[in-house]
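Open the model in your viewer and keep the selection panel at hand. Each stop below says what to select and what is there.

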Protein chains: 2
Amino acid sequence: MTYCVGLILDAGLVLLSDSRTNAGLDNISTYRKMFFFEEPGERVIAILTAGSLSVTQTTLGRLQEAIEDPDADETTSIMKAASMLQVATIIGDTLNRTRCEIAEQTRELSQQASASMIVAGQRRGGEMRLFLIYPQGNFIMATEDTPFLQIGEHKYGKPILDRVVTPATSLADAQKAVLLSMDSTLRSNLSVGMPLDLAVIEKDALRVSHRRRILEGDPGFMAMSAAWSAALRESFGKVEI
Amino acid sequence: MTYCVGLILDAGLVLLSDSRTNAGLDNISTYRKMFFFEEPGERVIAILTAGSLSVTQTTLGRLQEAIEDPDADETTSIMKAASMLQVATIIGDTLNRTRCEIAEQTRELSQQASASMIVAGQRRGGEMRLFLIYPQGNFIMATEDTPFLQIGEHKYGKPILDRVVTPATSLADAQKAVLLSMDSTLRSNLSVGMPLDLAVIEKDALRVSHRRRILEGDPGFMAMSAAWSAALRESFGKVEI
(Lines give C-alpha, C1' and ligand atoms only; values in the text may rest on other atoms or scores of the structure.)
Protein backbone atom coordinates (compact mmCIF):
# COMPACT_ATOMS: atom_id res chain seq x y z
CA MET A 1 0.00 0.00 0.00
CA THR A 2 0.94 3.62 -0.29
CA TYR A 3 -0.11 7.01 0.85
CA CYS A 4 0.62 10.06 -1.29
CA VAL A 5 -0.97 13.48 -0.97
CA GLY A 6 -0.65 16.72 -2.93
CA LEU A 7 -1.93 20.18 -2.02
CA ILE A 8 -2.39 23.10 -4.39
CA LEU A 9 -2.42 26.40 -2.53
CA ASP A 10 -2.24 30.06 -3.39
CA ALA A 11 1.41 29.98 -2.32
CA GLY A 12 2.48 26.78 -4.05
CA LEU A 13 2.37 22.99 -4.21
CA VAL A 14 3.08 20.72 -1.23
CA LEU A 15 3.69 17.01 -1.79
CA LEU A 16 4.24 14.07 0.52
CA SER A 17 4.71 10.35 -0.10
CA ASP A 18 5.63 7.31 1.92
CA SER A 19 8.06 4.72 0.53
CA ARG A 20 6.80 1.29 1.54
CA THR A 21 6.26 -1.30 -1.14
CA ASN A 22 5.03 -4.75 -0.39
CA ALA A 23 4.34 -7.94 -2.26
CA GLY A 24 2.45 -9.64 0.51
CA LEU A 25 3.03 -8.86 4.14
CA ASP A 26 6.25 -10.89 4.19
CA ASN A 27 7.99 -9.03 1.40
CA ILE A 28 8.39 -5.38 2.29
CA SER A 29 10.80 -2.97 0.64
CA THR A 30 11.54 0.72 0.40
CA TYR A 31 11.06 2.47 -2.94
CA ARG A 32 10.85 6.17 -3.60
CA LYS A 33 7.42 7.16 -4.86
CA MET A 34 8.08 10.83 -5.65
CA PHE A 35 9.86 11.83 -8.85
CA PHE A 36 10.82 15.18 -10.35
CA PHE A 37 11.26 16.38 -13.89
CA GLU A 38 12.77 19.83 -13.75
CA GLU A 39 14.21 22.48 -16.02
CA PRO A 40 14.69 25.32 -13.54
CA GLY A 41 13.09 28.54 -14.67
CA GLU A 42 11.17 26.73 -17.41
CA ARG A 43 9.09 23.98 -15.84
CA VAL A 44 8.87 21.65 -12.89
CA ILE A 45 6.82 18.46 -12.77
CA ALA A 46 6.43 16.12 -9.81
CA ILE A 47 4.95 12.63 -10.10
CA LEU A 48 3.78 10.65 -7.07
CA THR A 49 2.96 6.98 -7.60
CA ALA A 50 0.75 4.33 -6.02
CA GLY A 51 0.09 0.78 -7.09
CA SER A 52 2.02 -1.95 -8.83
CA LEU A 53 5.74 -1.17 -8.82
CA SER A 54 6.22 -2.80 -12.22
CA VAL A 55 3.59 -0.51 -13.72
CA THR A 56 4.88 2.70 -12.11
CA GLN A 57 8.56 2.03 -12.80
CA THR A 58 7.92 1.10 -16.42
CA THR A 59 5.71 4.17 -16.89
CA LEU A 60 8.38 6.46 -15.44
CA GLY A 61 11.05 4.78 -17.56
CA ARG A 62 9.00 5.37 -20.69
CA LEU A 63 8.35 9.00 -19.79
CA GLN A 64 12.11 9.46 -19.36
CA GLU A 65 12.84 7.70 -22.66
CA ALA A 66 10.33 9.93 -24.42
CA ILE A 67 12.05 13.02 -22.98
CA GLU A 68 15.46 11.83 -24.21
CA ASP A 69 14.23 10.79 -27.64
CA PRO A 70 15.89 13.04 -30.30
CA ASP A 71 12.51 13.25 -32.05
CA ALA A 72 10.69 14.27 -28.87
CA ASP A 73 7.98 16.86 -29.40
CA GLU A 74 5.20 18.44 -27.41
CA THR A 75 2.92 15.45 -27.91
CA THR A 76 5.43 12.89 -26.58
CA SER A 77 7.70 14.62 -24.02
CA ILE A 78 6.38 16.00 -20.75
CA MET A 79 9.28 18.48 -20.83
CA LYS A 80 8.05 19.92 -24.14
CA ALA A 81 4.29 19.68 -23.68
CA ALA A 82 2.59 23.02 -24.23
CA SER A 83 0.56 22.90 -21.01
CA MET A 84 0.22 20.98 -17.75
CA LEU A 85 -3.02 19.57 -19.19
CA GLN A 86 -0.94 18.09 -22.01
CA VAL A 87 1.61 16.81 -19.45
CA ALA A 88 -1.19 15.00 -17.62
CA THR A 89 -2.49 13.60 -20.91
CA ILE A 90 0.93 12.17 -21.86
CA ILE A 91 1.41 10.65 -18.41
CA GLY A 92 -2.13 9.23 -18.44
CA ASP A 93 -1.68 7.69 -21.88
CA THR A 94 1.69 6.19 -20.92
CA LEU A 95 0.32 4.84 -17.65
CA ASN A 96 -2.71 3.26 -19.31
CA ARG A 97 -0.68 1.67 -22.11
CA THR A 98 1.83 0.24 -19.63
CA ARG A 99 -0.90 -1.01 -17.31
CA CYS A 100 -2.75 -2.75 -20.16
CA GLU A 101 0.43 -4.47 -21.37
CA ILE A 102 1.36 -5.72 -17.92
CA ALA A 103 -2.20 -6.78 -17.15
CA GLU A 104 -2.15 -8.79 -20.39
CA GLN A 105 1.20 -10.42 -19.45
CA THR A 106 -0.01 -11.34 -15.98
CA ARG A 107 -3.56 -12.28 -16.93
CA GLU A 108 -3.12 -15.97 -16.22
CA LEU A 109 -2.07 -15.16 -12.64
CA SER A 110 -5.33 -13.28 -12.07
CA GLN A 111 -3.22 -10.67 -10.32
CA GLN A 112 -4.17 -7.06 -10.52
CA ALA A 113 -1.50 -4.82 -11.99
CA SER A 114 -2.73 -1.29 -11.62
CA ALA A 115 -1.45 2.11 -10.57
CA SER A 116 -2.50 5.69 -10.11
CA MET A 117 -0.50 8.90 -9.91
CA ILE A 118 -0.56 12.44 -8.64
CA VAL A 119 0.99 14.94 -11.05
CA ALA A 120 1.86 18.44 -9.90
CA GLY A 121 3.73 21.25 -11.55
CA GLN A 122 3.93 24.46 -13.45
CA ARG A 123 5.43 25.60 -16.74
CA ARG A 124 6.66 29.11 -17.43
CA GLY A 125 3.72 31.32 -18.39
CA GLY A 126 1.18 28.84 -17.06
CA GLU A 127 -0.68 28.18 -13.83
CA MET A 128 0.25 25.64 -11.18
CA ARG A 129 -1.74 22.44 -11.61
CA LEU A 130 -2.43 19.33 -9.55
CA PHE A 131 -3.88 16.19 -11.16
CA LEU A 132 -4.90 12.72 -10.05
CA ILE A 133 -4.36 10.24 -12.88
CA TYR A 134 -6.46 7.09 -12.79
CA PRO A 135 -5.18 3.68 -13.92
CA GLN A 136 -7.12 4.07 -17.19
CA GLY A 137 -5.28 7.29 -17.98
CA ASN A 138 -8.13 9.74 -17.44
CA PHE A 139 -7.62 12.34 -14.75
CA ILE A 140 -9.15 14.96 -12.51
CA MET A 141 -7.71 18.32 -11.46
CA ALA A 142 -7.78 19.78 -7.96
CA THR A 143 -9.71 23.03 -7.60
CA GLU A 144 -10.02 25.60 -4.85
CA ASP A 145 -13.10 23.81 -3.47
CA THR A 146 -10.98 20.76 -2.66
CA PRO A 147 -7.36 21.86 -2.90
CA PHE A 148 -5.86 18.43 -2.27
CA LEU A 149 -5.66 15.02 -3.93
CA GLN A 150 -4.70 11.69 -2.41
CA ILE A 151 -3.80 8.26 -3.76
CA GLY A 152 -3.39 4.93 -2.00
CA GLU A 153 -4.55 4.57 1.60
CA HIS A 154 -6.34 7.91 1.71
CA LYS A 155 -9.06 7.56 4.32
CA TYR A 156 -7.23 7.70 7.65
CA GLY A 157 -5.52 10.94 6.72
CA LYS A 158 -8.47 12.73 5.15
CA PRO A 159 -10.31 14.16 8.20
CA ILE A 160 -7.43 16.46 9.16
CA LEU A 161 -7.09 17.73 5.59
CA ASP A 162 -10.83 18.33 5.33
CA ARG A 163 -10.68 20.45 8.46
CA VAL A 164 -7.58 22.59 8.02
CA VAL A 165 -6.61 22.92 4.35
CA THR A 166 -7.90 25.81 2.23
CA PRO A 167 -6.21 27.55 -0.71
CA ALA A 168 -5.09 30.29 1.70
CA THR A 169 -3.21 27.85 3.95
CA SER A 170 0.46 28.84 4.26
CA LEU A 171 3.19 26.55 2.97
CA ALA A 172 4.39 25.98 6.54
CA ASP A 173 0.92 24.99 7.74
CA ALA A 174 0.42 22.88 4.63
CA GLN A 175 3.56 20.87 5.36
CA LYS A 176 2.32 20.35 8.89
CA ALA A 177 -1.11 19.27 7.59
CA VAL A 178 0.27 16.64 5.19
CA LEU A 179 2.67 15.32 7.83
CA LEU A 180 -0.16 14.97 10.38
CA SER A 181 -2.30 13.36 7.70
CA MET A 182 0.53 10.88 7.07
CA ASP A 183 1.01 10.36 10.81
CA SER A 184 -2.61 9.19 11.18
CA THR A 185 -2.14 6.86 8.21
CA LEU A 186 1.13 5.39 9.49
CA ARG A 187 -0.52 4.62 12.82
CA SER A 188 -3.40 2.76 11.22
CA ASN A 189 -1.95 0.96 8.19
CA LEU A 190 1.24 -1.06 8.52
CA SER A 191 1.70 -1.18 4.77
CA VAL A 192 2.35 2.56 4.70
CA GLY A 193 5.84 3.23 6.03
CA MET A 194 8.80 5.52 6.55
CA PRO A 195 10.91 7.10 5.17
CA LEU A 196 8.80 9.95 3.82
CA ASP A 197 9.52 12.31 0.96
CA LEU A 198 8.30 15.88 1.38
CA ALA A 199 8.57 18.55 -1.29
CA VAL A 200 7.45 22.12 -1.78
CA ILE A 201 7.20 23.90 -5.13
CA GLU A 202 6.60 27.59 -4.55
CA LYS A 203 4.32 29.42 -6.95
CA ASP A 204 6.19 30.69 -10.02
CA ALA A 205 9.52 29.29 -8.73
CA LEU A 206 9.54 26.79 -11.62
CA ARG A 207 11.82 24.55 -9.60
CA VAL A 208 11.59 22.32 -6.53
CA SER A 209 11.89 24.90 -3.76
CA HIS A 210 12.43 22.49 -0.91
CA ARG A 211 12.85 18.71 -0.54
CA ARG A 212 13.31 16.67 2.54
CA ARG A 213 13.55 12.97 3.25
CA ILE A 214 12.24 12.10 6.70
CA LEU A 215 13.78 8.91 8.03
CA GLU A 216 12.42 6.45 10.59
CA GLY A 217 12.98 7.96 14.03
CA ASP A 218 13.38 11.53 12.73
CA PRO A 219 13.34 13.60 15.96
CA GLY A 220 11.31 16.44 14.49
CA PHE A 221 8.65 14.15 13.07
CA MET A 222 8.45 12.12 16.29
CA ALA A 223 8.10 15.29 18.36
CA MET A 224 5.37 16.58 16.06
CA SER A 225 3.54 13.26 16.21
CA ALA A 226 3.71 13.17 20.02
CA ALA A 227 2.63 16.82 20.30
CA TRP A 228 -0.32 16.16 18.00
CA SER A 229 -1.43 13.14 19.99
CA ALA A 230 -1.18 15.16 23.21
CA ALA A 231 -3.07 18.09 21.66
CA LEU A 232 -5.80 15.75 20.39
CA ARG A 233 -6.22 14.20 23.80
CA GLU A 234 -6.32 17.64 25.41
CA SER A 235 -8.91 18.81 22.87
CA PHE A 236 -10.88 15.64 23.48
CA GLY A 237 -10.96 16.44 27.18
CA LYS A 238 -12.32 19.92 26.52
CA VAL A 239 -15.14 19.06 24.12
CA GLU A 240 -18.46 18.46 25.84
CA ILE A 241 -21.35 16.26 24.83
CA MET B 1 -22.60 2.04 3.42
CA THR B 2 -22.67 2.00 7.18
CA TYR B 3 -20.58 2.86 10.15
CA CYS B 4 -21.03 0.96 13.42
CA VAL B 5 -18.64 0.90 16.34
CA GLY B 6 -18.61 -0.93 19.67
CA LEU B 7 -16.37 -0.33 22.70
CA ILE B 8 -15.77 -2.74 25.57
CA LEU B 9 -14.52 -0.93 28.65
CA ASP B 10 -14.02 -1.74 32.29
CA ALA B 11 -17.23 0.17 32.99
CA GLY B 12 -19.40 -1.26 30.25
CA LEU B 13 -20.24 -1.44 26.56
CA VAL B 14 -20.78 1.61 24.33
CA LEU B 15 -22.37 1.21 20.90
CA LEU B 16 -23.08 3.58 18.05
CA SER B 17 -24.55 3.08 14.58
CA ASP B 18 -25.69 5.25 11.73
CA SER B 19 -28.91 4.47 9.86
CA ARG B 20 -28.32 5.16 6.18
CA THR B 21 -29.06 2.43 3.70
CA ASN B 22 -28.59 2.88 0.01
CA ALA B 23 -29.14 0.87 -3.14
CA GLY B 24 -27.11 3.11 -5.39
CA LEU B 25 -26.61 6.79 -4.70
CA ASP B 26 -30.12 7.60 -5.92
CA ASN B 27 -31.98 5.31 -3.55
CA ILE B 28 -31.28 6.26 0.05
CA SER B 29 -33.35 5.24 3.04
CA THR B 30 -33.20 5.18 6.80
CA TYR B 31 -33.10 1.82 8.59
CA ARG B 32 -32.17 1.12 12.16
CA LYS B 33 -28.95 -0.91 12.41
CA MET B 34 -28.90 -1.50 16.16
CA PHE B 35 -31.06 -4.21 17.74
CA PHE B 36 -31.50 -5.43 21.30
CA PHE B 37 -32.45 -8.77 22.79
CA GLU B 38 -33.01 -8.27 26.47
CA GLU B 39 -34.23 -10.13 29.53
CA PRO B 40 -33.44 -7.61 32.24
CA GLY B 41 -31.41 -9.08 35.05
CA GLU B 42 -30.68 -12.20 33.00
CA ARG B 43 -29.03 -11.18 29.76
CA VAL B 44 -28.69 -8.36 27.29
CA ILE B 45 -27.49 -8.72 23.70
CA ALA B 46 -27.01 -5.94 21.15
CA ILE B 47 -26.52 -6.57 17.44
CA LEU B 48 -25.21 -3.91 15.05
CA THR B 49 -25.44 -4.62 11.35
CA ALA B 50 -23.63 -3.61 8.16
CA GLY B 51 -24.12 -4.82 4.62
CA SER B 52 -27.00 -6.07 2.54
CA LEU B 53 -30.29 -5.18 4.16
CA SER B 54 -31.94 -8.35 2.88
CA VAL B 55 -29.25 -10.43 4.58
CA THR B 56 -29.32 -8.56 7.90
CA GLN B 57 -33.11 -8.35 8.15
CA THR B 58 -33.56 -12.02 7.32
CA THR B 59 -30.85 -13.00 9.80
CA LEU B 60 -32.49 -10.96 12.58
CA GLY B 61 -35.88 -12.38 11.68
CA ARG B 62 -34.53 -15.91 11.96
CA LEU B 63 -32.84 -15.19 15.27
CA GLN B 64 -36.16 -13.89 16.59
CA GLU B 65 -38.04 -16.92 15.25
CA ALA B 66 -35.53 -19.22 16.91
CA ILE B 67 -36.07 -17.43 20.23
CA GLU B 68 -39.86 -17.81 19.94
CA ASP B 69 -39.75 -21.43 18.83
CA PRO B 70 -41.37 -23.61 21.55
CA ASP B 71 -38.54 -26.10 21.07
CA ALA B 72 -35.84 -23.46 21.46
CA ASP B 73 -32.79 -24.62 23.36
CA GLU B 74 -29.33 -23.34 24.14
CA THR B 75 -28.01 -24.35 20.73
CA THR B 76 -30.69 -22.47 18.75
CA SER B 77 -31.84 -19.46 20.82
CA ILE B 78 -29.50 -16.61 21.66
CA MET B 79 -31.66 -16.00 24.76
CA LYS B 80 -30.92 -19.49 26.05
CA ALA B 81 -27.31 -19.93 24.92
CA ALA B 82 -25.01 -20.85 27.79
CA SER B 83 -22.40 -18.23 27.02
CA MET B 84 -21.79 -15.12 24.90
CA LEU B 85 -19.43 -17.28 22.83
CA GLN B 86 -22.38 -19.53 22.05
CA VAL B 87 -24.50 -16.45 21.26
CA ALA B 88 -21.87 -15.34 18.72
CA THR B 89 -21.76 -18.84 17.26
CA ILE B 90 -25.53 -18.96 16.74
CA ILE B 91 -25.56 -15.50 15.18
CA GLY B 92 -22.58 -16.34 12.97
CA ASP B 93 -24.16 -19.59 11.77
CA THR B 94 -27.48 -17.86 11.05
CA LEU B 95 -25.77 -15.01 9.22
CA ASN B 96 -23.68 -17.35 7.08
CA ARG B 97 -26.61 -19.59 6.18
CA THR B 98 -28.75 -16.58 5.23
CA ARG B 99 -25.96 -14.98 3.24
CA CYS B 100 -25.30 -18.18 1.29
CA GLU B 101 -28.98 -18.62 0.45
CA ILE B 102 -29.38 -15.03 -0.75
CA ALA B 103 -26.09 -15.14 -2.67
CA GLU B 104 -27.39 -18.26 -4.42
CA GLN B 105 -30.71 -16.56 -5.26
CA THR B 106 -29.02 -13.48 -6.65
CA ARG B 107 -26.13 -15.23 -8.35
CA GLU B 108 -27.28 -14.44 -11.87
CA LEU B 109 -27.22 -10.72 -11.03
CA SER B 110 -23.57 -10.93 -10.01
CA GLN B 111 -24.52 -8.75 -7.07
CA GLN B 112 -22.80 -9.17 -3.79
CA ALA B 113 -25.09 -9.96 -0.90
CA SER B 114 -22.99 -9.88 2.22
CA ALA B 115 -23.14 -8.56 5.75
CA SER B 116 -21.18 -8.36 8.97
CA MET B 117 -22.25 -7.69 12.53
CA ILE B 118 -21.05 -6.45 15.89
CA VAL B 119 -22.45 -8.43 18.81
CA ALA B 120 -22.18 -7.10 22.35
CA GLY B 121 -23.63 -8.27 25.60
CA GLN B 122 -23.49 -10.06 28.88
CA ARG B 123 -25.37 -12.91 30.53
CA ARG B 124 -25.85 -13.28 34.27
CA GLY B 125 -22.77 -14.91 35.76
CA GLY B 126 -20.65 -14.21 32.69
CA GLU B 127 -18.31 -11.51 31.44
CA MET B 128 -19.20 -8.71 29.03
CA ARG B 129 -18.20 -9.60 25.47
CA LEU B 130 -17.83 -7.77 22.19
CA PHE B 131 -17.58 -9.69 18.89
CA LEU B 132 -17.22 -8.85 15.23
CA ILE B 133 -18.97 -11.48 13.10
CA TYR B 134 -17.71 -11.90 9.55
CA PRO B 135 -20.00 -12.71 6.60
CA GLN B 136 -18.82 -16.33 6.70
CA GLY B 137 -19.97 -16.66 10.32
CA ASN B 138 -16.56 -16.78 11.99
CA PHE B 139 -15.81 -14.05 14.48
CA ILE B 140 -13.22 -12.24 16.55
CA MET B 141 -13.52 -10.89 20.08
CA ALA B 142 -12.29 -7.48 21.27
CA THR B 143 -9.61 -7.60 23.96
CA GLU B 144 -8.06 -4.99 26.21
CA ASP B 145 -5.27 -4.36 23.67
CA THR B 146 -7.81 -3.09 21.17
CA PRO B 147 -11.03 -2.48 23.08
CA PHE B 148 -13.13 -1.51 20.09
CA LEU B 149 -14.52 -3.08 16.92
CA GLN B 150 -15.87 -1.38 13.82
CA ILE B 151 -17.87 -2.50 10.78
CA GLY B 152 -18.63 -0.69 7.54
CA GLU B 153 -16.81 2.52 6.70
CA HIS B 154 -14.29 2.22 9.53
CA LYS B 155 -11.23 4.12 8.39
CA TYR B 156 -12.14 7.78 8.77
CA GLY B 157 -13.19 7.29 12.36
CA LYS B 158 -10.35 5.06 13.54
CA PRO B 159 -7.56 7.59 14.30
CA ILE B 160 -9.52 9.20 17.13
CA LEU B 161 -10.35 5.81 18.67
CA ASP B 162 -6.72 4.69 18.40
CA ARG B 163 -5.64 7.75 20.31
CA VAL B 164 -8.15 8.06 23.13
CA VAL B 165 -9.83 4.74 23.90
CA THR B 166 -8.42 2.38 26.51
CA PRO B 167 -10.25 -0.08 28.78
CA ALA B 168 -10.10 2.54 31.56
CA THR B 169 -11.94 5.17 29.48
CA SER B 170 -15.10 6.34 31.29
CA LEU B 171 -18.52 5.71 29.79
CA ALA B 172 -18.97 9.47 29.30
CA ASP B 173 -15.67 9.82 27.46
CA ALA B 174 -16.40 6.69 25.49
CA GLN B 175 -19.69 8.13 24.20
CA LYS B 176 -17.82 11.26 23.21
CA ALA B 177 -15.16 9.18 21.43
CA VAL B 178 -17.63 7.18 19.35
CA LEU B 179 -19.62 10.31 18.47
CA LEU B 180 -16.45 12.12 17.32
CA SER B 181 -15.41 9.01 15.40
CA MET B 182 -18.83 9.07 13.71
CA ASP B 183 -18.55 12.80 13.09
CA SER B 184 -15.34 12.30 11.09
CA THR B 185 -17.02 9.52 9.11
CA LEU B 186 -20.16 11.54 8.37
CA ARG B 187 -18.03 14.39 7.04
CA SER B 188 -16.12 12.14 4.66
CA ASN B 189 -18.61 9.55 3.44
CA LEU B 190 -22.03 10.63 2.20
CA SER B 191 -23.36 7.10 2.39
CA VAL B 192 -23.10 7.18 6.20
CA GLY B 193 -25.90 9.32 7.60
CA MET B 194 -28.06 10.50 10.47
CA PRO B 195 -29.98 9.66 12.56
CA LEU B 196 -27.61 7.86 14.91
CA ASP B 197 -28.37 5.25 17.54
CA LEU B 198 -26.28 5.38 20.70
CA ALA B 199 -26.49 2.85 23.50
CA VAL B 200 -24.69 2.11 26.75
CA ILE B 201 -24.78 -1.20 28.61
CA GLU B 202 -23.21 -0.78 32.02
CA LYS B 203 -21.18 -3.65 33.41
CA ASP B 204 -23.34 -6.20 35.26
CA ALA B 205 -26.50 -4.14 34.60
CA LEU B 206 -27.79 -6.96 32.34
CA ARG B 207 -30.01 -4.45 30.57
CA VAL B 208 -29.63 -1.54 28.19
CA SER B 209 -28.66 1.23 30.60
CA HIS B 210 -29.08 4.12 28.20
CA ARG B 211 -30.32 4.58 24.64
CA ARG B 212 -30.54 7.69 22.58
CA ARG B 213 -31.50 8.43 18.99
CA ILE B 214 -29.67 11.47 17.64
CA LEU B 215 -31.59 13.12 14.81
CA GLU B 216 -30.30 15.27 11.97
CA GLY B 217 -29.68 18.75 13.33
CA ASP B 218 -29.49 17.60 16.98
CA PRO B 219 -28.24 20.74 18.77
CA GLY B 220 -25.96 18.83 21.17
CA PHE B 221 -24.34 16.81 18.40
CA MET B 222 -23.90 19.88 16.20
CA ALA B 223 -22.34 21.84 19.06
CA MET B 224 -19.97 18.96 19.83
CA SER B 225 -19.01 18.66 16.17
CA ALA B 226 -18.31 22.39 15.90
CA ALA B 227 -16.37 22.44 19.17
CA TRP B 228 -14.26 19.49 18.01
CA SER B 229 -13.48 21.16 14.69
CA ALA B 230 -12.50 24.34 16.49
CA ALA B 231 -10.37 22.41 19.00
CA LEU B 232 -8.65 20.50 16.19
CA ARG B 233 -7.83 23.70 14.37
CA GLU B 234 -6.55 25.26 17.58
CA SER B 235 -4.40 22.19 18.28
CA PHE B 236 -3.17 22.29 14.71
CA GLY B 237 -2.04 25.87 15.24
CA LYS B 238 -0.09 24.90 18.35
CA VAL B 239 1.81 21.90 17.02
CA GLU B 240 5.21 22.78 15.56
CA ILE B 241 7.17 21.09 12.83
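Select S52(B) and show what surrounds it. Beyond its neighbours within four places in sequence, S52(B) is in contact with A113(B), S114(B) and A115(B); contact means heavy atoms within 4.5 Å. This is a predicted model, where local features need pLDDT of at least 70 and side-chain atom pairs count only at pLDDT 80 or more, while totals for chains, interfaces and linings use all residues. Residues are numbered from 1 along each chain as its sequence is written, chains are lettered from A in the order in which they are written, and side-chain values use heavy atoms, with hydrogens and water left out.

Stay on S52(B). The residue sits in the loop between β6 (43-51) and α1 (53-68) of chain B. Helices (H or I, at least four residues) and strands (E, at least two) are DSSP runs, numbered from the N terminus. Is S52(B) buried or exposed? It counts as buried, at 18% relative accessibility, because the cut-off for buried is under 20% relative accessible area (exposed is over 50%, partly exposed in between; 1.4 Å probe, protein chains only).

Now add S54(B). Its side chain makes a polar contact with the side chain of S52(B), at 3.1 Å. A polar contact is a pair of N or O atoms within 3.5 Å; within protein, one must be able to donate a hydrogen and the other to accept it, and residues adjacent in sequence count only if both atoms are side-chain atoms.

Next, R62(B). From S52(B) it is 10 residues away in sequence and 16 Å away in space, C-alpha to C-alpha.

Move to the interface. Chain A and chain B each put 36 residues into the contact. The area buried between them is about 3,300 Å², with 64% given by carbon and sulfur atoms. Buried area is the accessible area (1.4 Å probe) that two parts lose on being put together, summed over both. Select R163(A), F236(A) and I241(A): in chain A these lose the most area to chain B, together 27% of what that side buries.

Pick K238(A) and E234(B). They form a salt bridge, with the closest N and O atoms 3.9 Å apart. The rule (a side-chain nitrogen of Lys or Arg within 4 Å of a carboxyl oxygen of Asp or Glu) finds six salt bridges across this interface. It also has 17 residue pairs in polar contact, both residues at pLDDT 80 or more. Then colour α5(A), which supplies 12 residues, the largest share of the side of chain A that touches chain B.
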